[in-house]
Amino acid sequence: MKSAVTITNAGLAFALEMAMLAVLVYWGIHTGGNGLAKAALAVGAPAAAIAIWATFLAAGGHPVNLPTVPEAALKLAVFLVAALALAGTGHRTMAIAFAALAVLSVLIEYTVGT
């Protein structure tokens, strides 16, 4: 039976995953110089994150199974790239909050369980 902590963390993890994609779109729009570059980055950055997530990290199974420590490190790295992207758009406080929640969620997932 799942505990309240693991259920709450599953909700937090899902929210972080969706926020990560939104942040990458936002970063792409604010980073690209012209319309084409903005569109390419706004689509390409989240697409790259989705490809990594689907290949190595997706809940319910993924094609490439990593050992626990590299999997946790990759998950944290993808989240922290999004936090850096958010900071790069000038939202440093939100980036710090996002990074802190990501670290907390990954720690709970890989220590308490899912």
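# Notebook: a four-helix chain

I began at Met20. I find Met20 touching Ala49, Trp53, Val78, Phe79, Ala82 and Phe98, leaving out residues up to four places away in sequence. For me, contact means heavy atoms within 4.5 Å.

A note on the model. It is predicted, so I use local features only at pLDDT of at least 70 and side-chain atom pairs only at pLDDT 80 or more, while totals for chains, interfaces and linings use all residues. I number residues from 1 along each chain as its sequence is written, and side-chain values use heavy atoms, with hydrogens and water left out.

**Overall layout**

I counted four helices and zero strands in the chain. I take helices (H or I, at least four residues) and strands (E, at least two) as DSSP runs, numbered from the N terminus. From the N terminus on, the order reads α-α-α-α. The radius of gyration is 15 Å, close to the 13 Å that the globule rule gives for 114 residues, so the chain is as compact as a globular protein of that length. That radius is taken over C-alpha atoms, and the rule is 2.2 Å times the number of residues to the power 0.38. I also boxed the C-alpha atoms along the principal axes: roughly 50 × 35 × 20 Å.

Next I looked at contacts along the chain. Of those with a separation of 6 or more, 57% join residues 24 or more positions apart.

**Core**

How much of the chain is buried? I get 32% of the 114 residues. Buried means under 20% relative accessible area, exposed over 50%, and partly exposed in between (1.4 Å probe, protein chains only).

I then looked up the largest nonpolar core. A nonpolar core is a set of buried Ala, Val, Leu, Ile, Met, Phe, Trp, Tyr and Cys residues joined through side-chain atoms within 4.5 Å. This one has 21 residues, and Met20, Leu24, Trp53, Phe79, Ala82 and Phe98 touch the most other members. H1, H2, H3 and helix H4 (92–111) each supply at least two residues. The largest share, eight residues, comes from H3.

**Helix H1**

I checked the length of H1. Its 28 residues should span 40 Å at 1.5 Å a residue, and the end C-alpha atoms are 39 Å apart, which agrees. The expected span is 1.5 Å times one less than the number of residues. Among the buried residues of H1 are Asn9, Glu17, Met20, Val23 and Leu24. Their cover includes H2, H3 and H4.

I paused at Val23, which lies in H1. Val23 is buried, with a relative accessible area of 11%. Beyond its neighbours within four places in sequence, Val23 is in contact with Ala82, Ala85 and Leu86.

**Helix H2**

H2 (residues 35–57) has 23 residues and reaches 32 Å between its first and last C-alpha, close to the expected 33 Å. I list Ala42, Ala45, Pro46, Ala49, Trp53 and Leu57 as buried in H2. They pack against helix H1 (4–31) and helix H3 (68–88). What caps the N-terminal end of H2? I found Asn34 there, with a side-chain oxygen 3.0 Å from the backbone nitrogen of Leu36.

**After H4**

Last, I looked up Val112, in the segment after H4. Val112 touches Val5, Thr6 and Leu107, not counting residues up to four places away in sequence. Val112 and Asn9 are 103 residues apart along the chain, yet their C-alpha atoms are separated by 9.9 Å.

Conventions
Polar contact = N/O pair within 3.5 Å; in protein donor to acceptor, adjacent residues only side chain to side chain.
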